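Reader: I'm new to reading protein structures and would like a close look at one part of this one. Could you walk me through the annotated sites, and then show me how they sit in the rest of the chain?

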Amino acid sequence: MTDPARRAALQTLAAVRERGAYANLVLPGLLRDARLKGRDAAFATELTYGACRAQGLLDAVIENASGRSVSDIDGPVLDALRLGVYQLLRTRVGAHAAVSETVDSVKESSGRGASGFANAVLRKVSRDDEDTWVTRVAPPAAEDLLGHLAMQYAHPRWIAEAFRESLRANGITSMGQLQALLASDDARPPVHLVARPGEISADELALIVEGEVGVLSPYAVYLPGGDPGALEPVRDGLAGVQDEGSQLVARAAAVAPLEGPDGGRWLDLCAGPGGKAALLGSLAAIDGARVDAVEPAEHRAELVRKAVKGLPVDVHVADGRASGLEPGYDRVLVDAPCSGIGALRRRPEARWRKQPADVEQLTVLQRELLTGAAALTRPGGVVLYATCSPHVAETLGVVGDEELLATAGLERIDTRPLVPATDLPLGDGPHVQLWPHLHGTDGMFFQALRKL
């Protein structure tokens with residue numbers, strides 16, 4: 001493959017398929033090695049993330065056009081076909097270029113016979129547009145609307161069902177809202193920056209990076225494009241890359257109302273990889289507080305240490321369920337490990353790796369962490385429970401369990417006032433559920449609870 005942008009994308013897809021790599025960790029290194037910048041880097045990024053995100057739809061089209069299961073197609077050929085079909089259906093790349101570049105790469109990696117197969121498949125795909133192919137490979141909308149939407153917007157059916165259940169649990173019953181959510185989750189997300197409180201304001205950061213001040217978080221800036229890691233404020237530690245919804249979670253933990261004075265003992269019980277701990281630490285520095293950050297894995301604890309360097313944060317390598325820390329914290333953030341299906345737009349390959357059984361295992365851990373957090377919180381203190389998943393079992397199924405809350409000595413408090421004034425809908429509470437299509441954030445859930 002002579003085009004270096006396509007080559008970098010293809011190498012990333014191979015790493016994702018062969019060793020379960022994460023595209024966002026592999027691609028930047030390949031771009032640096034190939035010295036790709038500007039439009040070429042943007043093109044490689046669009047091809048990589050787009051093909052990973054749309055994998056389920058692409059595979060359905062490939063199977064229909066080839067008459068073979070994707071499991072019967074050699075891995076390198078399948079990578080190339082996914083990249084080629086993505087270009088044909090979801091980009092403005094000309095059909096001739098998409099087909100010829102892909103066929104040449106298959107010939108180089110797998111020989112003339114495989115390239116002939118790829119040529120036949122891609123030429124068949126190129127005869128119709130995406131809408132026509134969706135109609136061909138998806139369940140009929142009149143018979144199975146949810147299944148049709150799941151295929152149209154490249155989501156596993158079980159995740160689309162989880163989204164529908166969560167929308168309904170939050171009083172949103174329209175299938176049009178589900179369609180809007182799936183469409184938003186299928187789109188390339190904007191980059192959100194966080195201005196470190198006490199270091200730089202959002203207005204100042206926006207001017208420097210030529211971005212736009214956020215709508216919900218007072219620290220958020222929307223970046224129009226480019227590599228955020230190359231920005232001077234990010235390199236200097238004045239700003240970071242963090243979804244606006246995650247910023248709201250950390251802020252809510254810092255501003256939730258307490259009964260009695262704030263003694264300045266704050267805790268991040270699930271701190272890795274450190275984004276929320278860094279924002280919490282910045283706010284603690286302003287308030288004269290100190291944060292303990294707990295992370296069980298040493299390599300992730302090291303990421304936390306790097307993220308909070310220079311802040312009043314102490315990192316502990318421990319299990320949040322039995323941390324060994326002294327009770328009496330004023331504020332405890334439990335950003336619980338979860339399925340992550342609310343952040344799929346930022347993790348393009350993740351939706352095709354997750355399974356429904358993952359949720360059942362995680363909810364046990366989430367309940368144990370919430371119980372552990374309650375035991376470390378002083379009476380009148382606050383626990384802020386959060387997940388980057390809207391799945392009902394991981395959200396309302398945990399903080400809505402009255403028996404669990406009674407045993408832990410917790411009561412829910414209205415969390416909506418912890419979101420800065422906005423005209424965007426926040427539902428009936430007492431929790432906050434954010435949505436990509438309504439709020440422009442990841443699908444974050446958070447609930448403040450007071451220790452009795």
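Author: Here is a walk through the annotated sites, followed by some other parts of the chain.

Keep in mind that this is a predicted model. Let's start with the residue that has the "active site" label. UniProt, in an unreviewed entry, lists Cys388 for that feature. Where does Cys388 lie? Cys388 is in the loop between strand S9 (377-387) and helix H18 (396-399). Is Cys388 buried or exposed? Its relative accessible area is 15%, and buried means under 20%, so Cys388 counts as buried.

Now look at the company Cys388 keeps. Leaving aside residues up to four places away in sequence, Cys388 touches Cys338, Gly340, Ile341, Gly342, Ala343 and Arg347, along with Gly443 and Met444.

Next comes the "binding site" feature, again from an unreviewed UniProt entry. The record places this feature at Cys270, Ala271, Gly272, Pro273, Gly274, Gly275 and Lys276, and also at Glu295, Asp319 and Asp335. Take Cys270 to begin with. Cys270 is in the loop between strand S5 (265-268) and helix H15 (275-287). With a relative accessibility of 11%, Cys270 is buried. Not counting residues up to four places away in sequence, Cys270 touches Val294, Leu333, Val334, Asp335, Ala336, Pro337 and Leu369. Notice Asp335 among those contacts, since Asp335 is also on the record's "binding site" list.

Stay in that loop a little longer. Gly274 lies between S5 and H15 too, and Gly274 is buried, with a relative accessible area of 0%. With residues up to four places away in sequence left out, Gly274 touches Val304 and Ala307.

Pro273 is another residue of the loop between S5 and H15, and you can spot something curious there. The peptide bond from Gly272 to Pro273 is cis, with omega near 5 degrees. As background, most peptide bonds are trans. You can find another cis bond from Gly429 to Pro430, with omega near 0 degrees. Pro430 is in the loop between strand S10 (410-413) and strand S11 (432-433).

While we're on backbone oddities, have a look at phi. Most residues other than glycine have a negative phi. Arg35 is not a glycine, yet its phi is positive, at about 55 degrees. Arg35 sits in the loop between helix H2 (23-33) and helix H3 (38-53), and at 75% relative accessibility Arg35 is exposed. Glu210 also has a positive phi, near 60 degrees. You'll find Glu210 in the loop between helix H12 (202-209) and S2, and Glu210 is exposed as well, at 66% relative accessibility.

Now for a helix that is handy for learning how packing works. Helix H7 (residues 112-126) has 15 residues and reaches 21 Å from its first C-alpha to its last, close to the 21 Å expected. Which residues of H7 are buried? They are Ala114, Ser115, Phe117, Ala118, Val121, Leu122 and Val125. Seen down the axis of H7, these buried residues fall within an arc of 155 degrees, so they line one face of the helix. The background idea is that an α-helix has 3.6 residues a turn, so residues three or four places apart point the same way. The buried residues of H7 pack against helix H4 (55-66), helix H5 (75-90), helix H6 (95-110) and helix H8 (130-137). On the other side of H7, Arg112 and Gly113 are exposed.

There is a sheet to look at, too. Four strands form an open sheet in the order S2-S3-S1-S4, with antiparallel pairing. Strand S2 (212-213) and strand S4 (239-241) are at the edges with a single partner strand each, so one side of each has no neighbour in the sheet. Strand S1 (residues 191-195) and strand S3 (residues 220-223) pair over four bridges, in the antiparallel sense. Try finding Leu193, whose bridge partner in S3 is Val221.

Finally, zoom out. The protein has 20 helices and 12 strands. Its radius of gyration is 23 Å, close to the 22 Å that the globule rule gives for 452 residues, so the protein is as compact as a globular protein of that length. Along its principal axes, the C-alpha trace spans about 75 × 50 × 40 Å. Buried residues make up 56% of the 452 residues.

How values were computed
Residues are numbered from 1 along each chain as its sequence is written. This is a predicted model: local features need pLDDT of at least 70, side-chain atom pairs count only at pLDDT 80 or more; totals for chains, interfaces and linings use all residues. Side-chain values use heavy atoms; hydrogens and water are left out. UniProt positions are given in the numbering used here, feature names are shortened, and annotations may be inferred rather than shown by experiment. Helices (H or I, at least four residues) and strands (E, at least two) are DSSP runs, numbered from the N terminus. Buried means under 20% relative accessible area, exposed over 50%, partly exposed in between (1.4 Å probe, protein chains only). Contact means heavy atoms within 4.5 Å. The expected span of a helix is 1.5 Å times one less than its number of residues. The arc is that of the directions from the helix axis to the C-beta atoms. Two strands pair if DSSP finds at least two bridges between them. The radius of gyration is taken over C-alpha atoms; the globule rule is 2.2 Å times the number of residues to the power 0.38.
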